[in-house]
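Please open the structure in a viewer with residue selection enabled. The tour proceeds by selection, one stop after another.

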Amino acid sequence: HTMWTQLLQKLHQSSLGYQLQKQAEGFIKDLKQEISELMKRSSEVEQLSRSKDHLHLLQSFSSLKPAGTVLKRVQQYAVDVTLDPDTAHPHLILSDDGKQVHCGEEEKDLPDNPERFSEELLVLGKQSFSSGRFYFELQVKGKTGWVLGVARESVNRKELITPSPEKGLCTLGVYENIRIGLEDPAVHLSLQKVGVFLDYEEGLVSFHDVDDAALIYSFTGCSFTEKLYPLFCPKVNVTNDKDHELDLEIVSYTYPYKLFN
């Protein structure tokens, strides 16, 4: 009996050791690739530093960061987010698992509780953030209009809102595939997945094109003093009759190198 127990323990340890070895090999492979990219970029920086063409220097320097490095780092802070039905505008239809939302054609008869948005087509996540770093992803493929971001707990839920950090909203809005409502010029976007990253202490909210591993926009220097909630709006495009039928879908995301859940 003891012999079999010892044998099983050794097999279990061997299996776990193999899994950890494979995960470690994955880490090492990624690190080697990143080091290789950094060495290549370092060489490019050295060459650019000798350039007397300052405009060319600035344009080139903006593209020197290894693609995907920033995204990989913020994805380490992925959290599981679900929608809060008590906050959803009566036009919104949520899936049973709280991962999908779209806009219905008719307004449902729901109690006008204090948490519910009654004017804007918005819904919040159940999870709140009051310190630390957090990241979540949304599937937006096929949709031409939506809003994503974070909202402070005290955001006005009973009136129309002009999105801004001062009003308690750090959001990215898209209308007919055009980025809207930000200080920078309007930009055409073709997105499938969008990542939202929050660093509470740093006052940072950033939005990422997951497929291209590119930064879309960042709010910096924000002063957060209360709970923040994920915010979702599945429809801002009133001219597209089919857009409201498509779901905004929260991606169930686990960072691939997390050893234990």
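Select Ala-213, which is found in the loop between E9 and E10; helices (H or I, at least four residues) and strands (E, at least two) are DSSP runs, numbered from the N terminus. The phi of Ala-213 is near 50°, a positive value in a residue other than glycine. With a relative accessible area of 27%, Ala-213 is partly exposed; buried means under 20% relative accessible area, exposed over 50%, and partly exposed in between (1.4 Å probe, protein chains only).

The model is a predicted one, in which local features need pLDDT of at least 70 and side-chain atom pairs count only at pLDDT 80 or more, while totals for chains, interfaces and linings use all residues. Residues are numbered from 1 along each chain as its sequence is written, and side-chain values use heavy atoms, with hydrogens and water left out.

Move next to Glu-176, in the loop between strand E6 (169–175) and strand E7 (178–180). Glu-176 also has a positive phi, of about 50°, although it is not a glycine. Its relative accessibility of 39% makes Glu-176 partly exposed.

Now display the whole chain, which has three helices and 12 strands. Of its 261 residues, 38% count as buried. Among contacts (heavy atoms within 4.5 Å) with a separation of 6 or more, residues 24 or more positions apart account for 68%.

For the interior, select Trp-146, Val-205 and Phe-232. Of the 36 residues in the largest nonpolar core, these three touch the most other members. Such a core is a set of buried Ala, Val, Leu, Ile, Met, Phe, Trp, Tyr and Cys residues joined through side-chain atoms within 4.5 Å. Another core, of 11 residues, lies apart from the largest one and includes Leu-122, Val-147, Val-155 and Ile-161.

The aromatic rings come next. Rings of Phe, Tyr and Trp (its six-membered ring) pair if their centres lie within 6.5 Å; planes under 30 degrees apart count as stacked, over 60 as edge-to-face and the rest as tilted. By this rule there are six aromatic pairs. Select Tyr-200 and Phe-224: the ring centres are 5.5 Å apart and the planes lie at 45°, so the pair is tilted. Tyr-200 is in the loop between strand E8 (193–199) and strand E9 (204–209), and Phe-224 is in the loop between strand E10 (214–219) and strand E11 (228–233), 24 residues apart. Both Tyr-200 and Phe-224 are buried. Tyr-217 and Phe-219 form an edge-to-face pair, 5.1 Å centre to centre with 75° between the planes. Add Phe-207 to the selection: ring pairs link Phe-207, Tyr-217 and Phe-219 into a cluster.

Turn to the cysteines. How many disulfides are counted? The count is zero, where a disulfide is a pair of cysteine sulfur atoms within 2.5 Å. The sulfur of Cys-222 is 3.9 Å from the closest cysteine sulfur, in Cys-170, which is too far for a bond. For Cys-233, the closest cysteine sulfur is in Cys-103, at 8.1 Å, again too far for a bond. Cys-222 is buried at 16% relative accessible area, and Cys-233 is buried at 5%.

Finish at Asn-113, in the loop between strand E2 (100–103) and strand E3 (123–124). Asn-113 counts as buried at 15% relative accessibility. A polar atom of the Asn-113 side chain lies 2.8 Å from the backbone oxygen of Asp-86. Leaving aside neighbours within four places in sequence, Asn-113 is in contact with Asp-86 and Lys-158.

Note on methods: Polar contact = N/O pair within 3.5 Å; in protein donor to acceptor, adjacent residues only side chain to side chain.
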